[in-house]
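Subject: Structure for your review

Dear colleague,

Please find below the structure that I am handing over to you. I would be grateful if you could read the notes beneath with the structure open beside them.

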Amino acid sequence: SHSVKFQFQMIPQVDDCFEKDNITPSFTEEEQAYMGFMRGINAIHKENNSCSDYWIWPNLAPDSLIRKCPPALILTTEFDMFRRGSENAAKLFLRNDKLIEFGILKGTYHGHFFDFKCGRTAAWFKAIKDAIDVHLR
């Protein structure tokens, strides 16, 4: 039993997909726009670490380690450059019976919730509240 009831990954940057030149399915428009920035960040990581290190990219962790993790609730957005990583994390945690829920907020983008005038901001915070209400009873 864990002291931590669950982990709540909101738009996690957990995947190494930006290190690859070609992936299937192809990079989305959002991912392509963000790729230069991510490759720069990744170059900094490479100076002292291997980019195949699961401490940098948790989606690379072996199943044996994921099975020891607290259950995960993962939330992302439809047009997020980290959506693919979130989807891959959900598959990883599901495969190891550690996925509580996976959600994609439709019709919005990464960081939209900083704009309180954005029509989907209230839905984002409601999803967080609902998850906490359900899973921390």
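Arg84 has a relative accessibility of 11% in this predicted model, so this residue counts as buried, the limit being under 20%. Its salt-bridge partner is Glu31, and the closest N and O atoms of the pair are 2.7 Å apart. Glu31 is also buried, with a relative accessible area of 2%.

Where in the chain do Glu31 and Arg84 lie? Glu31 belongs to helix H1 (residues 29–48) and Arg84 to helix H3 (residues 83–95). The two are 53 residues apart, and the pair links distant parts of the chain. As a general point, side chains of opposite charge can pair when their charged atoms come close.

The structure holds five salt bridges, and two others deserve your attention here.

In helix H3, Glu87 forms a salt bridge with Arg83, with 2.8 Å between the closest N and O atoms. Because these residues are four apart in the helix, about one helical turn separates them. Both ends are partly exposed: Glu87 has a relative accessibility of 25%, and Arg83 has a relative accessible area of 22%.

In helix H4 (residues 121–135), Lys126 and Asp130 are likewise four residues apart, so about one helical turn lies between them. Their side chains meet in a salt bridge of 2.6 Å, N to O. Lys126 is partly exposed at 48% relative accessible area, and Asp130 is partly exposed at 31%.

Yours sincerely

Key
Residues are numbered from 1 along each chain as its sequence is written. This is a predicted model: local features need pLDDT of at least 70, side-chain atom pairs count only at pLDDT 80 or more; totals for chains, interfaces and linings use all residues. Side-chain values use heavy atoms; hydrogens and water are left out. A salt bridge is a side-chain nitrogen of Lys or Arg within 4 Å of a carboxyl oxygen of Asp or Glu. Buried means under 20% relative accessible area, exposed over 50%, partly exposed in between (1.4 Å probe, protein chains only).
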